[in-house]
Amino acid sequence: MKLNMKKMLAMGLLCMVGCGFAVVGNAGSFKLSEDVKAPTVALKQAAQVGLLTHETAALQNLENKDAILVMSFGTTVKETREKNINATVNAIKALYPDTKVVLAFTSHIIIDRVKANEGLVIPTPEEALAQLKAEGYTRVAMTSLDIIPGIEYDYKKAVFNLHKNDFKKVTFGTPLMYWQGQEDKDDDVAESMQALATQFPQGGKKDAILVMAHGTPHPANAYYAVMQDKLNALGHNNAFVFTVEGWPSFENALEELKERKIKNVTLMPLMMVAGDHALNDMAGDEEDSFKSILKKEGYNVDVYLHGLGENIAVQNLFVKKASQAWEALQGAKE
Ligand code: CO
């Protein structure tokens, strides 16, 4: 029985990754116990876990006019933006060809630089929602290209809460990794690690993969430990997650390499784009880049300079997240 379930899960995942279909899994929303008769606003806000749905009672007589808002941190590096962010947005557009799909960036610094460098105007999520409302859209499915539910995701959640009453209905999906296989929930982290591993090189006992994530002061930094655990469970014992700005650090990863007497290292970003962190902190020629430090320590180093959006298996997971927000907007039962 247990084996059958596992088999079915594996087949579902294979189909999703292999066939390019977006499968709506258990998107999951958390619901307060029905015994709580009159939850306060604060309790309701604290209970906002998982996929969020809001309907504004006063606007229910409006006609449905639906849009999808895709939100990303953004990047100033044009080539990687096109290969990762735009490619993922295009995959979402391909699934909903008759629906308006808008892209917004949350980094105001990047928005300003892209405008100055390329003359390209990309809205903030707040501006994008105001524009959609001005154009008569009444229902919006919001989805994020965030990797973990950290500060960036909290920003988007705040936008959802501040603007939800402007629309008849708004939904907000979860980032790439949210559920960790709790109770009946999906295991986003395991699925994401399996998708990530499709880009791992083959290696022997002397080879390791250092997976560079961003890191955050937000408690969601703990996801990196879950990722490592799931990688190990999937048999990728030669892959180590480290972060640029959090824990585990690059020094922690170096200790692992020494302990296991590794000779050859592949560096790769666990980030949506191969932007500034990947090009400079990871693979730059300056002596303080991770590549340079590893070489100085005597390792043979390969760099994999591609964002997660270029990984079709990961891209499919982002499309799945968008489709969960869309299905919830359409009122589909979970
Ligand atoms: Co950064």
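## Close-up views of a predicted model

**View 1. Strands β2 and β3, side by side.** Strand β2 (residues 66-72) and β3 run parallel and are joined by six bridges. This is a predicted model, so keep that in mind for every view here. Want one pair to look for? Start at alanine 67, whose bridge partner in β3 is lysine 100. Strand β3 covers residues 100-105, and five of its six residues are buried, so the rest of the structure largely encloses it.

**View 2. The five-stranded sheet.** Let's zoom out to the sheet that holds those two strands. Five strands make up this open sheet, in the order β1-β5-β4-β2-β3, and the pairing is mixed. Which strands stand at the edges? They are β1 (52-55) and β3, and each has a single partner strand, so one side of each has no neighbour in the sheet. On average, neighbouring strands here are turned by 15° against each other, ignoring direction. Elsewhere in the sheet, β4 pairs with strand β5 (residues 169-172) in the parallel sense, over four bridges. To find that pairing, look for alanine 141, which stands opposite threonine 171 in β5. Then there's helix α5 (residues 125-134), which packs on the sheet and touches β2, β3 and β4. The direction of α5 makes about 150° with that of β3.

**View 3. Arginine 139 and its surroundings.** Arginine 139 belongs to strand β4 (residues 139-144). Is arginine 139 buried or exposed? Its relative accessibility is 10%, and buried means under 20%, so arginine 139 counts as buried. What does arginine 139 contact, once its neighbours within four places in sequence are left aside? Asn64, Lys65, Asp66, Ala67, Lys168, Lys169, Leu329 and Gln330 are in contact with arginine 139. You've already met one of these, Ala67, as the bridge partner of lysine 100. For a sense of distance, try lysine 164: arginine 139 and lysine 164 are 25 residues apart in sequence, and their C-alpha atoms are 9.7 Å apart in space.

**View 4. The four-stranded sheet.** Now for another sheet. Here four strands form an open sheet in the order β7-β6-β8-β9, with parallel pairing. The edge strands are β7 (239-243) and β9 (300-303); each has a single partner strand, so one side of each is left without a neighbour in the sheet. Ignoring direction, neighbouring strands of this sheet are turned by 25° against each other on average. In this sheet, β6 runs parallel to strand β8 (residues 264-269), and six bridges join them. A handy landmark is valine 211, standing opposite methionine 268 in β8. Helix α8 packs on the sheet, where it touches β6 and β7, and its direction makes about 175° with that of β7.

**View 5. The cobalt ion and its two histidines.** Which protein atoms are donors of the cobalt ion? They are NE2 of His214 and NE2 of His277, lying 2.0 to 2.1 Å from the ion. These two histidines link distant parts of the chain, as they are 63 residues apart. Histidine 214 is in the loop between β6 (207-213) and α8 (223-233), whereas histidine 277 is in helix α10 (residues 276-282). Histidine 214 has 31% relative accessibility, so it counts as partly exposed.

**View 6. Asparagine 311 at the start of helix α12.** Asparagine 311 lies in the loop between β9 and α12. With a relative accessibility of 6%, asparagine 311 counts as buried. One of its side-chain oxygens reaches to within 2.9 Å of the backbone nitrogen of alanine 313, right at the start of α12. The side chain of asparagine 311 also makes a polar contact of 3.2 Å with the side chain of threonine 198. Apart from neighbours within four places in sequence, the contacts of asparagine 311 are Ala195, Leu196, Thr198 and Gln199.

**View 7. Helix α12 from end to end.** Helix α12 runs over residues 312-329. At 1.5 Å a residue, its 18 residues should span 26 Å, which agrees with the 25 Å between its end C-alpha atoms. The rest of the structure largely encloses α12, because 16 of its 18 residues are buried. After α12 comes glycine 331, with a positive phi near 85°.

**View 8. Threonine 88 in helix α3.** Threonine 88 is part of helix α3 (residues 78-95). Its relative accessibility is 0%, so threonine 88 counts as buried. Not counting residues up to four places away in sequence, threonine 88 touches Leu145, Met272, Gly309, Gln315 and Phe318.

Note on methods. Residues numbered from 1 in each chain as written. Predicted model: local features only at pLDDT ≥ 70, side-chain atom pairs only at ≥ 80, totals over all residues. Heavy atoms only, no water. Donors = N, O, S within 2.8 Å, 3.2 Å for Na, K, Ca; no water. Buried < 20%, exposed > 50% of the residue type's maximum accessible area, 1.4 Å probe, protein only. Contact = heavy atoms within 4.5 Å. Pairing = 2+ DSSP bridges. Axes fitted to C-alpha atoms, helices over the stretch in contact; angles between N-to-C directions. Expected span 1.5 Å × (residues − 1). Polar contact = N/O pair within 3.5 Å; in protein donor to acceptor, adjacent residues only side chain to side chain.
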